[in-house]
Structure formats: structure tokens, C-alpha cells
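User: Could you walk me through this structure and explain the reasoning behind each label you use? I would like to see how the values lead to the words.

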Amino acid sequence: MEEATLLDKMSEGQVKVRTLYLSVDPYMRCRMNENSGSDYILPWKLSEVASGGGIGIVEETKDACFSIGDFVTSFNWPWQTKTILDGKQIEKIDPHLVDGHLSYFLGAAGLTGLTSLLGIREKGHVTRGANQTMVVSGAAGACGSLAGQIGFLEGCSRVVGICGTNEKCSILVSEMGFDAAINYKEEDVVQRLRVLCPDGVDVYFDNVGGDISAAVIGQMTPNSHIILCGQISQYNKDVPYPPPLPPATEEIRKARNITRERFLVLNYMDKYPASTMQLCQWIKEGKLKVRETVVKGLENIGAAFQSVMSGGNIGKQIVHVSD
């Protein structure tokens, strides 16, 4: 943490904003590498301010598209209490769409929710009435907790989550509507999947990779689909993305014609407006339950990031910077 003074003068097209909320996400671990492994996420640079998803309020403007008091968001919001941004970097958000829960635009009504919804629609091949079973790994996380619920809303008949504590398992079933949840730290994932998914797995929303994904793929049906959302167990390893599967697992995938294509939500920007409205409608109707872990104060963002990477939180991790 360090203190600095913002420039007094702004250029045309810029706005001065006060930060309200910042998002802390697993993908940010990749930004700590010299090469992020991605052409759309740049590494953080030493001696420069870190950035990520953020929400704030306009306090001064030299962009005719924005007025003082507008609530705005950006995927590249600096981790600071106030900042000057180019108007092209930000977009207005309407708090009424989420009943005033502005932070939801960083989660369930933002890129996190869009990733879950569009991932299922574009890569899951869910067909209403087809009696499909979906498994979600990292199911208590920001994307996973939404993906399981959206799987139901889109037509899956059964959804099973995989996470790391009994508390998380309980919340997934009692609050999020999952049929069942597996604690991978205490249970045999392969054995439990055989019991909970007797007809196999048709759709796998993969947030973690590694041994858990190998266990799920072994239970998948012919012509089933993997939604490759994230691979958090592999982010500390020097491997390409998406990381290759173990030879035996890859053999199963090929023999059963299981699709496993990289999913990037930024490729579907034309579908954002309609998808965002759908997410907001589900939230308002109570069909999509939202869980946030909120940490107060910019000075605690490091601890919040550590909590995300250790899997200690449930749902979306948010840092509340100011009111």
C-alpha cells in the first residue's frame, strides 16, 4: 500500500471515479506470472498498481457520455480508492437491475454470471427434457455456485457439486438447490460419482482440472461435454492452457467423443446484454441465489486474494472499498 495524489487536470474523454467495490478472482494468479499464458490477460507489472474488475461512482467528468453520480464498472479497474479512467474503459450500470446490490455486477450479474450462463449455453449442449446430469467442480466458488443453479434453470435434471468442506457441501444442497455435493478432501470422488450419477455425467463444468477432473471424465457418457471454465489446480504449474489431460484420461475422452474446448466468455460479447438481463431477472425472482464473501477496506485486498486462492471463501470474493 502507498499513498499518492491524483493529477489535478483531466484530459478530454476522462472521468474521475471513487472506487466502491473491487473483485478478487482466481484467474488473477495467472497475472502474477511473467507470462500470463493468455493473450487477453496481461501480467501485473512490478511497481505498477494491480487491477481487476471494479465498480465506482463518477465524481468528475470530461466525457459527455457520463455524468457526476453515475455508477460505472470496468474489467481493468486499478486497486486504489480513487482513480482517473478513460471513458472508453468503463460502462454505466443500473443498480435497479439488481435491487441496489451494486456488487452483483462483479459477480452474478457481471462477468462471473455471464461466464457461467454462456459457458453452459455455448459449450454444455444442455437440452431441456433430455434428463441430463451435470457435475460442477469448484462448486462453492463464484462461477461454480452459479453454474449449478443455471444448469437447472437451463434444463438439467440433476446437478452434483464437488467442493472442499462439509459446510460448503451443505450450502450447495440447502441454499443453491444442488441435488448432492461431494467433499473431495474426505470422500472418494470416483466412488461417490458412481453412486450420485448412476447414469453417468453428461455435462461437466470444470473449474479445477487435475485429479478431480480426471475422476469426473472417467464417469462421463459418450458424446458428453466438458465446459472448460478454469483450471485452478494447474495455475502454479508451467504448463500450456488448457493443460493436457493424463494419457489414460485423454484416451477415455477420445474414445467417448467427449468435447473439451477452451471457453472464453469475451468471445461472446454480442450476447452480453440479453444474458445480463436474464441473470438480473433470475436474481430478482429469487431463482438465482447469490453468495458473496465481502472484505472491508482496500488494505485487506491481499488477504482477500489469498483466501480466494486457498479456496476458503464461498461464492464471490468482493472487497468493499468505500460507500
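Analyst: Happy to! One definition to begin with: contact means heavy atoms within 4.5 Å. By that criterion, and not counting residues up to four places away in sequence, Phe305 touches Val24, Asp25, Met28, Arg29 and Met32. Please keep in mind that this is a predicted model.

User: Where is Phe305, and what makes it buried?

Analyst: Phe305 is found in helix H8, residues 301–309. Buried means under 20% relative accessible area, and Phe305 has 11%, so it is called buried. On distance, the C-alpha atoms of Phe305 and Lys62 are 33 Å apart in space, with their positions 243 residues apart in sequence.

User: Why is Gly56 called buried?

Analyst: The cut-off is under 20%, and the relative accessible area of Gly56 is 0%, so the label applies. Gly56 sits in strand S2, residues 51–61. Leaving aside neighbours within four places in sequence, Gly56 is in contact with Arg18, Thr19, Leu20, Asp70, Phe71, Val72 and Trp77. From Gly56 to Ser11 the C-alpha distance is 19 Å, for a sequence separation of 45 residues.

User: Let's zoom out. What makes the protein as compact as a globular protein of its length?

Analyst: The fold first: the secondary structure comes to eight helices and 13 strands. The radius of gyration is 20 Å, and the globule rule gives 20 Å for 323 residues; the two are close, so the protein is as compact as a globular protein of that length. Along the principal axes, the C-alpha atoms fill a box of roughly 65 × 45 × 35 Å. Of the 323 residues, 52% count as buried. The protein exposes about 15500 Å², and carbon and sulfur atoms supply 49% of that area.

User: How do you know that residues far apart in sequence meet in space, and which pairs show it?

Analyst: Of the contacts with a separation of 6 or more, 66% are between residues 24 or more positions apart. Tyr21 and Ile318 are one example: they are 297 residues apart along the chain, yet their C-alpha atoms are separated by 6.7 Å. Tyr21 lies in strand S1, residues 14–24, and its contacts beyond four places in sequence include Gly53, Leu102, Ile318 and His320. Another pair is Glu292 and Gln317, 25 residues apart along the chain with 6.0 Å between their C-alpha atoms.

User: What makes Glu292 partly exposed?

Analyst: Partly exposed is what falls between buried, under 20%, and exposed, over 50%. The relative accessible area of Glu292 is 26%, so it belongs to that middle class. Glu292 is in strand S12, residues 292–296, and touches Ser103, Tyr104, Ile314, Lys316 and Ile318, leaving aside neighbours within four places in sequence.

User: What makes a group of residues a nonpolar core, and how many residues has the largest one?

Analyst: A nonpolar core consists of buried residues of certain types, including Val, Ile and Phe, joined through side-chain atoms within 4.5 Å. The largest one has 48 residues, and Ile150 and Phe205 have the most contacts inside it. Helix H7, residues 272–285, supplies the largest share of this core, five residues. Apart from it lies another core, of 22 residues, among them Val58, Ile301, Val308 and Val319. As for Phe205, its contacts beyond four places in sequence include Thr115, Ile120, Val135, Ala147 and Cys229.

User: Which residues of helix H5 are buried, and what covers them?

Analyst: In H5, residues 210–217, the buried ones are Ile212, Ser213, Ala215, Val216 and Ile217. Their cover includes strands S6, S7, S9 and S10 as well as helices H4 and H6.

User: Why would a positive phi be worth pointing out?

Analyst: Because most residues other than glycine have a negative phi. Asn223, in strand S10, has a phi near 65°. Asn257, in the loop between H6 and strand S11, has a positive phi of about 55°.

User: And are these two asparagines buried, partly exposed or exposed, and how do you know?

Analyst: The middle class runs between 20% and 50%. Asn223 has a relative accessible area of 49%, so it counts as partly exposed. Asn257 is also at 49%, so partly exposed is the label there too.

Notes
Residues are numbered from 1 along each chain as its sequence is written. This is a predicted model: local features need pLDDT of at least 70, side-chain atom pairs count only at pLDDT 80 or more; totals for chains, interfaces and linings use all residues. Side-chain values use heavy atoms; hydrogens and water are left out. Helices (H or I, at least four residues) and strands (E, at least two) are DSSP runs, numbered from the N terminus. The radius of gyration is taken over C-alpha atoms; the globule rule is 2.2 Å times the number of residues to the power 0.38. Buried means under 20% relative accessible area, exposed over 50%, partly exposed in between (1.4 Å probe, protein chains only). Accessible areas come from the Shrake-Rupley method with a 1.4 Å probe; for residues, only the protein chains shown count as cover.
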